[in-house]
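Q: Hi! I'm new to this one, so could you walk me through it?
A: Happy to, let's take a look together.

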Amino acid sequence: MLEKILLFIIGCILGSFFWLVAERWPQGLSILRPASHCSSCQTPLRKRDLIPLLSALQLKFRCRDCRHPFSKMSFFAELASGCFFVFTFPQVLTSVTLLPFVWLLTAFMLALADIRHYILEPKIFYPASLMLWLWHFHQGAAVQWLTVLYCIGISGFLLIFLRGRFGFGDLLLLLSWSPWLNLQQFCLLLIFASSLGLATFGIYYVTQRKHHRFPRSQELPLPFIPFLASGLWLILRLGL
């Protein structure tokens, strides 16, 4: 039990840093300067305001100085990261390789960037993909050519018939993962990601409609990488 608590705390602390990276890198900003501050009054946050989860709850998601509300996404990123470490890291201790954990961790960071900016962040994607590909080859993993061809076919269909409805970054991410998933795993990934995406869209649509915040003519931009990352986690975590 103590081990899980420590993992959760470490995960929350790292989650705060992961969100900072996801928020600043796509804007070309440094992750070191300026220090964390209120986006409204620009006041630097005090040390007591930087405690993961607890500070946000204590402040009720408002700046201590100007009382302007701030985004809850940092809180949820910390919470998700804490849960990720609790449910994923113990497998590392019984595994001969860190590869699945690193793979899922990079997917998690890409998901955060997509949530914040609706993009596949290249500063994370390309170095991570290169590292994972080299690691796979070093481990002697077989390339799943059938999955690659299947993914190329799906990508071509989506680009031709659903252009603008499905992000190119999502397809690029799928292509980078496809050599290391057999066809069954790849199909399960698509099923899990699509199901989670549809469920999320349905919940959001119903709640916003109820409050008259979702006009009929408005299209909802939905970041899809978080659902792909969740699908990958289910596949690797459950050994499917």
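Q: How much space lies in the largest cavity?
A: This is a predicted model, and in it about 90 Å³ of space lies in the largest cavity. The structure holds one cavity of 30 Å³ or more.

Q: Which elements give two or more residues to its lining?
A: Those are α4 (99-117), α5 (122-138) and α7 (168-177). Helix α5 provides the largest share, six residues.

Q: And which residues lie nearest the centre of that cavity?
A: Of the 14 lining residues, Trp-103, Thr-106, Ser-129, Leu-132 and Trp-177 lie nearest the centre.

Q: How do the lining residues divide into nonpolar, polar and charged?
A: There are 10 nonpolar, four polar and no charged residues in the lining.

Q: New topic: how many aromatic pairs are there?
A: The count comes to 15 aromatic pairs. In one of them, the ring centres of Trp-133 and Trp-180 are 5.4 Å apart with the planes at 85 degrees, and an angle over 60 counts as edge-to-face, so this pair is edge-to-face.

Q: Where do those two sit in the chain?
A: Trp-133 is in helix α5 and Trp-180 is in the loop between α7 and α8 (183-210), 47 residues apart.

Q: Is Trp-180 buried or exposed?
A: Trp-180 is buried, because its relative accessible area is 11%, and buried means under 20%. Trp-180 also forms an edge-to-face pair with Phe-137.

Q: What sits over the ring of Phe-61?
A: The charged end of Lys-72 does, 5.2 Å from the ring centre.

Key
Residues numbered from 1 in each chain as written. Predicted model: local features only at pLDDT ≥ 70, side-chain atom pairs only at ≥ 80, totals over all residues. Heavy atoms only, no water. 1 Å grid on protein atoms, 1.4 Å probe; cavity = no way out; pocket = protein on both sides within 12 Å on 5 of 7 lines; lining within 4 Å. Points joined across faces, edges and corners; volume = space filled by probe spheres on them. Helix = DSSP H or I, 4+ residues; strand = E, 2+ residues; numbered from the N terminus. Nonpolar A, V, L, I, M, F, W, Y, C, P; charged D, E, K, R; others polar. Phe/Tyr/Trp six-rings, centres within 6.5 Å; stacked < 30°, edge-to-face > 60°. Buried < 20%, exposed > 50% of the residue type's maximum accessible area, 1.4 Å probe, protein only. Lys NZ or Arg CZ within 6 Å of the ring centre and 35° of its normal.
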